[in-house]
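Morning, everyone. Please have the sequence and the model open while I talk.

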Amino acid sequence: MHEVVLKKPDISFTEAMHSGFRVGRAVVGTMTTTLLFAYSGGYLTVMMVFMAQGVPLMNFFNLNYVAAEILNTVVGSFGLVTVAPFTAITGALIYTKHNR
């Protein structure tokens, strides 16, 4: 948002906020994917061990450890998705306060 305000110093709050939303949307997509791969990499070896032992997939997903890791991934993704709009609004308030 700092670069947007540098390029257009007379930008309004709503324009800056919408610009922040657009940038945030792209960032959320990449960060959620990275978070998914980071968490899944942690229990990938456990999944391979259970698959080698012939444990059915439904039993695997019902294990406490695996369910907790899946829940961590979902909660982390929700956190990323909800923080992007708040950051865009806060950035727009901070960077355009001299225009008001």
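**Salt bridge, rings and helix H4**

I begin with Lys8. Lys8 is partly exposed, with a relative accessible area of 35%. Keep in mind that this is a predicted model.

What does Lys8 pair with? Lys8 forms a salt bridge with Glu15. The closest N and O atoms are 3.2 Å apart. Glu15 counts as partly exposed too, at 36% relative accessibility. How many salt bridges does the structure hold? It holds one.

Now a charge with no such partner. Glu69 sits in helix H4. Glu69 is buried, yet has no salt bridge. Where is the nearest side chain of opposite charge? That is Arg25, and it is 27 Å away. A salt bridge here needs a nitrogen within 4 Å of a carboxyl oxygen, so Arg25 at 27 Å does not qualify for Glu69. What does Glu69 touch instead? Leaving out residues up to four places away in sequence, Glu69 touches Tyr39 and Tyr43.

Next, the rings. The count comes to two aromatic pairs. Phe50 and Phe60 make a tilted pair. Their centres are 6.0 Å apart, with 55° between the planes. This pair links distant parts of the chain. Phe50 is in helix H2, residues 13-52. Phe60 is in helix H3, residues 57-61. The two are 10 residues apart.

Is Phe60 buried or exposed? Phe60 is buried, with a relative accessible area of 0%. Phe60 also pairs with Phe61. Those ring centres are 5.5 Å apart and the planes meet at 65°, so the pair is edge-to-face. The cut-off for edge-to-face is over 60 degrees, which is why 65° passes. The 55° of Phe50 and Phe60 lies under that limit but not under 30, so that pair is called tilted.

The partners of Phe60 have some exposure. Phe50 counts as partly exposed, at 23% relative accessibility. Phe61 counts as partly exposed as well, at 37%. Together, ring pairs link Phe50, Phe60 and Phe61 into a cluster.

On to the end of helix H4. Ala92 is found in this helix. Ala92 is buried, with a relative accessible area of 0%. What does Ala92 touch? Not counting residues up to four places away in sequence, Ala92 touches Met1, Phe13, Ala16 and Met17. Take Met1. Ala92 and Met1 are 91 residues apart in sequence. In space, they are 7.4 Å apart, C-alpha to C-alpha.

Phe13 gives the view from the other side. Phe13 is found in helix H2. Phe13 counts as partly exposed, at 25% relative accessibility. Which residues is Phe13 in contact with? Leaving aside neighbours within four places in sequence, they are Ile89, Ala92, Leu93 and Thr96. Gly91 gives another distance. Phe13 and Gly91 are 78 residues apart along the chain, and their C-alpha atoms are separated by 9.4 Å.

Last stop, the surface. Leu93 lies in helix H4, residues 64-95. Leu93 is partly exposed, with a relative accessible area of 39%. Which residues form a nonpolar patch there? Ile89, Leu93, Ile94 and Tyr95 do. Together they have about 320 Å² of accessible area. Two patch members, Ile89 and Leu93, also appear among the contacts of Phe13.

To recap. Lys8 and Glu15 form a salt bridge. Glu69 is buried and has none. Phe50, Phe60 and Phe61 form a ring cluster. Ala92 touches residues including Met1 and Phe13. That is my tour.

Key:
Residues numbered from 1 in each chain as written. Predicted model: local features only at pLDDT ≥ 70, side-chain atom pairs only at ≥ 80, totals over all residues. Heavy atoms only, no water. Patch = residues over 30% accessible without salt bridge, like charges linked within 9 Å, V, L, I, M, F, W, Y side chains within 5 Å. Areas by Shrake-Rupley, 256 points an atom, 1.4 Å probe, with all protein chains shown as cover. Helix = DSSP H or I, 4+ residues; strand = E, 2+ residues; numbered from the N terminus. Buried < 20%, exposed > 50% of the residue type's maximum accessible area, 1.4 Å probe, protein only. Phe/Tyr/Trp six-rings, centres within 6.5 Å; stacked < 30°, edge-to-face > 60°. Contact = heavy atoms within 4.5 Å. Lys, Arg positive; Asp, Glu negative; His and termini not counted.
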